[in-house]
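Q: Please take one part of this model and look at it closely: the enclosed space inside the protein. Then show how the surrounding parts of the chain are arranged.

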Amino acid sequence: MVDCTGEGVLFVAATADVGLEQLGDAIRPPCPYLDEFLYNVPGSNDILGCPLLLIQVTRLTCGGFVLALRLNHTMSDAFGLVQFLNTITEMARGRKVPSIPPVWQREILNARNPPRITCPHQEYQDVVTLQTPNSKASNMVMDPNNVVQCSFFFSSNQIRNLRELLPKHLRNCTRFELLTACLWKCRTIALELDPKETVRVSCMTSIRGNKNVNNLRLPLGYYGNAFAYPAAVSNVRVLCDSPLGYAVKLVKKAKDQVNDEYIKSVADLIVIKGRPLYTVPGNCIVSDQTRVGFNEVDFGWGLPVFGGPAMTLSLFSLYIPYEEKGEKGVVVPLCLPTASAMERFKQELKKMTDEEYKMYHFKDFKIVSSL
């Protein structure tokens, strides 16, 4: 529920003594200047009883500007936020009413009466970590306030190298499935978990335009949250020792679960279990932002150099469109508990994506097929 008090939202206007070129790659996540580009107004960051939005516009010396925004995520998902931003751009250009009127209608995704859980939901499973002498339970549950965050750029060449690691029947997988499998495998190896533990990756899957969701049609202008995050699950040892194709198949299978019945079952589960949190131990959650449209929001001065989240949180990784040295690709922010774990992740990723690395380290080997 929203209390429409007519008080508006928080808006901060600022100026900076730097130009865009001086910022360089600092505009990509994790942005080291986020605290300067988005002032945390005291008392404004709670879920209840707070403004829905905090917006700051910072003018740069080059004439460009940075628009930073904090959203109460209970109100909308990324698509809904882009709809709102596009409405602002229309009004900035003189339009009096939005071309796509906002639609509330949250009852579309209400639970059934009576509610009933009809599908397995690994993303909400209660998990107890193993307590063995070799178990690194602390890495199964990261401290969200004590993590190392980096981002990784995937060029088209690196994505092609990843695809070549797959058997032919899996090479038609989506970029999301490929990157998620790679991220999940490298992350699990980097964490050095007990081989007997169970890990999962939860794939944020939108209802909007989903070919498997036929009856839950959302009206144009609906800006509420409209996604689920089905999970792929694996034993640690099997995931780490298996080829990349093993993870790809699990991710694809998890995504394909999302249909009308699955969405209804999620809504019912939330009611029956009292709004449970997603599984935390051994989990990572990925969200594809490449087609959301943050990079297409135009206030009249042209397209943004970068549009997307400025950082991520401990369990979350995001796929964000980005251009590096003239090459378009995807940037992926990631959190790990220690610098050494991040270094291990980098090495595992290099093994998979760097063509020269693979040529150098595997040049003395050949593959022999046998019948």
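A: The largest cavity holds about 50 Å³ of space. This is a predicted model, and 1 cavity of 30 Å³ or more is found in it. Rolling a probe the size of a water molecule over the atoms shows where empty space is left.

The lining of the largest cavity is made up of N139, M140, M142, R187, L191, L193, V199, G282, N283 and L315. Sorted by class, that lining has 6 nonpolar, 3 polar and 1 charged residues. Two elements give two or more residues each to the lining: α4, which spans 137-140, and α6, which spans 175-191.

V199 is one of the lining residues, and strand β5 covers residues 198-203. That strand leads to the sheet. There, 6 strands form an open sheet with mixed pairing, in the order β4-β11-β10-β9-β5-β8. The edges are taken by β4 (148-155) and β8 (231-235); each has a single partner strand, so one side of each is left without a neighbour in the sheet. From one strand to the next, the twist averages 25 degrees.

Strand β5 pairs with β8 in the antiparallel sense, over 5 bridges. Within this pairing, V201 stands opposite A232 in β8. Two helices pack on this sheet. Helix α5 (residues 156-163) touches β4 and β11 (327-336), and its direction makes about 85 degrees with that of β4. Helix α8 (residues 244-255) touches β5 and β8, and the angle between its direction and that of β8 is about 145 degrees.

The chain also forms another sheet. In this one, 3 strands make an open sheet in the order β1-β2-β3, again with mixed pairing. Its edge strands are β1 (10-15) and β3 (65-71), each of which pairs on one side only. The twist here averages 15 degrees from one strand to the next. Strand β2 (residues 53-59) pairs with β3 in the antiparallel sense over 7 bridges. In that pairing, the bridge partner of I55 is L69, and that of Q56 is A68. In a regular strand the side chains alternate between the two faces of the sheet. β2 and β3 form a hairpin with 5 residues between them, and in the turn G63 has a positive phi of about 100 degrees.

Some backbone details lie in the loops. One loop runs between α3 (78-92) and α4, and P114 is placed in it. The peptide bond from N113 to P114 is cis, with omega near 0 degrees. Q105 is in the loop between α3 and α4 as well; this residue has a positive phi of about 40 degrees although it is not a glycine. Helix α4, where that loop ends, is one of the elements that give two or more residues to the cavity lining. Another cis peptide bond joins P29 and P30, with omega about -5 degrees. P30 lies in the loop between α1 (20-23) and α2 (34-37).

As for confidence, the mean pLDDT of the protein chain is 91, and 93% of its residues reach 70 or more. Over residues 359-371, however, the pLDDT is below 50, and this stretch has 1 contact in the model beyond near neighbours in sequence. Where pLDDT is low, the predicted coordinates should not be read in detail.

Key:
Residues numbered from 1 in each chain as written. Predicted model: local features only at pLDDT ≥ 70, side-chain atom pairs only at ≥ 80, totals over all residues. Heavy atoms only, no water. pLDDT = per-residue confidence, 0-100. Contact = heavy atoms within 4.5 Å. Pairing = 2+ DSSP bridges. Helix = DSSP H or I, 4+ residues; strand = E, 2+ residues; numbered from the N terminus. Axes fitted to C-alpha atoms, helices over the stretch in contact; angles between N-to-C directions. 1 Å grid on protein atoms, 1.4 Å probe; cavity = no way out; pocket = protein on both sides within 12 Å on 5 of 7 lines; lining within 4 Å. Points joined across faces, edges and corners; volume = space filled by probe spheres on them. Nonpolar A, V, L, I, M, F, W, Y, C, P; charged D, E, K, R; others polar.
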